[in-house]
Amino acid sequence: ADEIGVRRGKPVLLSARVPDSFDLAIHLGMDLKSWISRDLIDIVIAGGGYASNTLAVADFVELAHQHDVLVYPCINQKPWSCDKAWRREGNRALAATWHQAGVDGIHFWNLATPFDPYSIQSQQELVRIRKKVYACLTEVGEAETLRGKDKLYCLDSTVFHHYQHISSEPPLPVHLMPGAARKIPLVLGDDVQAAAKADKLAELRLELILHGPLLPGMLTLRVNDQLVTGGELLPTGYAHSHEHRHAADGQSEPHSHVHFQANQLSYLLSAPPLRLGRNEIEVSLQTSRQVVSGPLKLVNAQLWVKYKGGSSS
């Protein structure tokens, strides 16, 4: 490639798309550290995009930049746990976090726009869909073009089983037990404290989705060790999944179709305690409000960062 680049008068760059971490890569026979240190590649495309918020971006950047190798983490359509209605805000949040970690650019895989003419009703519909899906492309390339725009930070949840072998272990779902706190990391690429001080923030809203019986006041929430109160509980119906249920003796019962009561808890937050970079969300159940009718599981969590005059989809 170097020889051809010299003849052409411009470089021919080699990139490698790899799993979510160095350990996952070497487990699959990809000695990425060696490729980087031996100058065998020019660009690392990090991750498959199935647990993108949990991707060890800083690890890739630290080693790659020592050898003048570029890092382009992968977005697969959008954050996997983000509703497609908010893909633009979700992609903004991912890109902001990665730029904060020092990446050189963003790699998109499969933006999920229709190419089959039989899947759309008209040419106008195709143009409308593509315009909406491609809207983030003019925003995510630099931290500056993301500044002051609304974002949705989504925590990773269950990875589709076909891609678990190349994906980081997501922080969700977690089973909640009375008296046992569960701590979950949330990394922000927005300097929310500076924005709050400049009176530019419109809203910081944390939304939690839980499966199982939940009553008002059952859940205790702390953000960076600070107690948060005033959560709004909204039942959202029922969810279902196919999974093994475990009997009291710890033995797995037959595969079954399980129904869960679904609830959303919504909290208005402030900055501080929220801050740029790593934050810690801690959730626990009050032992005095224990409900024995079934297990409670936190399956999804997302944080809205909305600005005064910030644009949404």
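In the protein chain, 78% of the contacts between residues at least 6 apart in sequence join residues at least 24 apart. The model you are looking at is predicted, and its protein chain holds seven helices and 14 strands. Of the 313 residues, 44% are buried. The chain exposes about 16,800 Å², with carbon and sulfur atoms supplying 51% of that area. Here is a tour by topic.

**The parallel sheet**

- Let's begin with an open sheet of four strands, which has the order 1-2-3-4 and parallel pairing.
- Strand 1 (15–18) and strand 4 (107–109) are the edge strands, and each has a single partner strand, so one side of each lacks a neighbour in the sheet.
- On average, neighbouring strands of this sheet are turned by 25 degrees against each other, with direction ignored.
- Within the sheet, strand 2 (residues 43–46) pairs with strand 3 (residues 70–76) over four bridges, in the parallel sense.
- Ile45 sits opposite Tyr72 of strand 3.

**Helices packed on the parallel sheet**

- Helix 4 packs on this sheet and touches strand 1, strand 2 and strand 3, and its direction makes about 155 degrees with that of strand 3.
- The buried residues in helix 4 include Val57, Phe60, Val61, Leu63 and Ala64.
- Their cover includes strand 1, strand 2 and strand 3, along with helix 2 (22–27), helix 3 (32–37) and helix 5.
- Just after helix 4 comes Asp68, which takes a positive phi of about 60 degrees.
- Helix 5 lies across strand 3 and strand 4, and runs at about 160 degrees to strand 3.

**A closer look at Val103**

- Val103 belongs to the loop between helix 5 and strand 4.
- Why does Val103 count as buried? Its relative accessibility is 10%, and buried means under 20%.
- Beyond its neighbours within four places in sequence, Val103 is in contact with Val57, Val61, Val71, Pro73 and Trp98.
- Two of these contact partners, Val57 and Val61, are among the buried residues of helix 4.
- Val103 and Pro73 are 30 residues apart along the chain, and their C-alpha atoms are separated by 7.5 Å.

**The antiparallel sheet**

- Another open sheet has four strands in the order 7-13-9-10, with antiparallel pairing.
- At its edges stand strand 7 (182–188) and strand 10 (226–228), each with a single partner strand, so one side of each has no neighbour in the sheet.
- From one strand to the next, the twist averages 30 degrees.
- Strand 9 (residues 219–223) pairs with strand 10 over three bridges in the antiparallel sense.
- Val223 has Gln226 of strand 10 as its bridge partner.

**Strand 14 and its partners**

- Is strand 14 (residues 296–307) mostly covered or mostly uncovered? Strand 14 is mostly covered, with eleven of its twelve residues buried.
- Strand 8 (residues 201–211) runs antiparallel to strand 14, and ten bridges join the two.
- One residue position to look up here is Glu203, which stands opposite Lys306 in strand 14.
- Strand 5 also runs antiparallel to strand 14 and is joined to strand 14 by four bridges.
- Opposite Tyr153, strand 14 places Leu303.
- Strand 6 (residues 174–176) pairs with strand 14 over three bridges, again in the antiparallel sense.
- The bridge partner of Val174 in strand 14 is Leu298.

**The second largest pocket**

- If you are interested in open space, the second largest pocket holds about 410 Å³.
- Its lining has 21 residues, of which Asn53, Thr54, Leu55, Thr97 and Val187 are the closest to the centre.
- At least two lining residues come from each of helix 4 (57–66), helix 5 (87–100), strand 5 (151–154) and strand 7.
- Which element gives the largest share of this lining? Helix 5 does, with four residues.
- Helix 4 and helix 5, both contributors to the lining, have also appeared above: helix 4 packs on the parallel sheet, and helix 5 lies across strand 3 and strand 4.
- Strand 7 likewise contributes to the lining and stands at an edge of the antiparallel sheet.
- Strand 5, a further contributor, is joined to strand 14 by four bridges.

Notes:
Residues are numbered from 1 along each chain as its sequence is written. This is a predicted model: local features need pLDDT of at least 70, side-chain atom pairs count only at pLDDT 80 or more; totals for chains, interfaces and linings use all residues. Side-chain values use heavy atoms; hydrogens and water are left out. Buried means under 20% relative accessible area, exposed over 50%, partly exposed in between (1.4 Å probe, protein chains only). Contact means heavy atoms within 4.5 Å. Accessible areas come from the Shrake-Rupley method with a 1.4 Å probe; for residues, only the protein chains shown count as cover. Two strands pair if DSSP finds at least two bridges between them. Axes are lines fitted to C-alpha atoms, for helices over the stretch in contact, and angles run from 0 to 180 degrees between N-to-C directions. On a 1 Å grid over the protein atoms alone, a cavity is a set of points where a 1.4 Å probe fits but cannot get out, and a pocket is an open set with protein on both sides within 12 Å along at least five of seven lines; lining residues have an atom within 4 Å of a point. Grid points are joined across faces, edges and corners, and a volume is the space filled by probe spheres set on the points.
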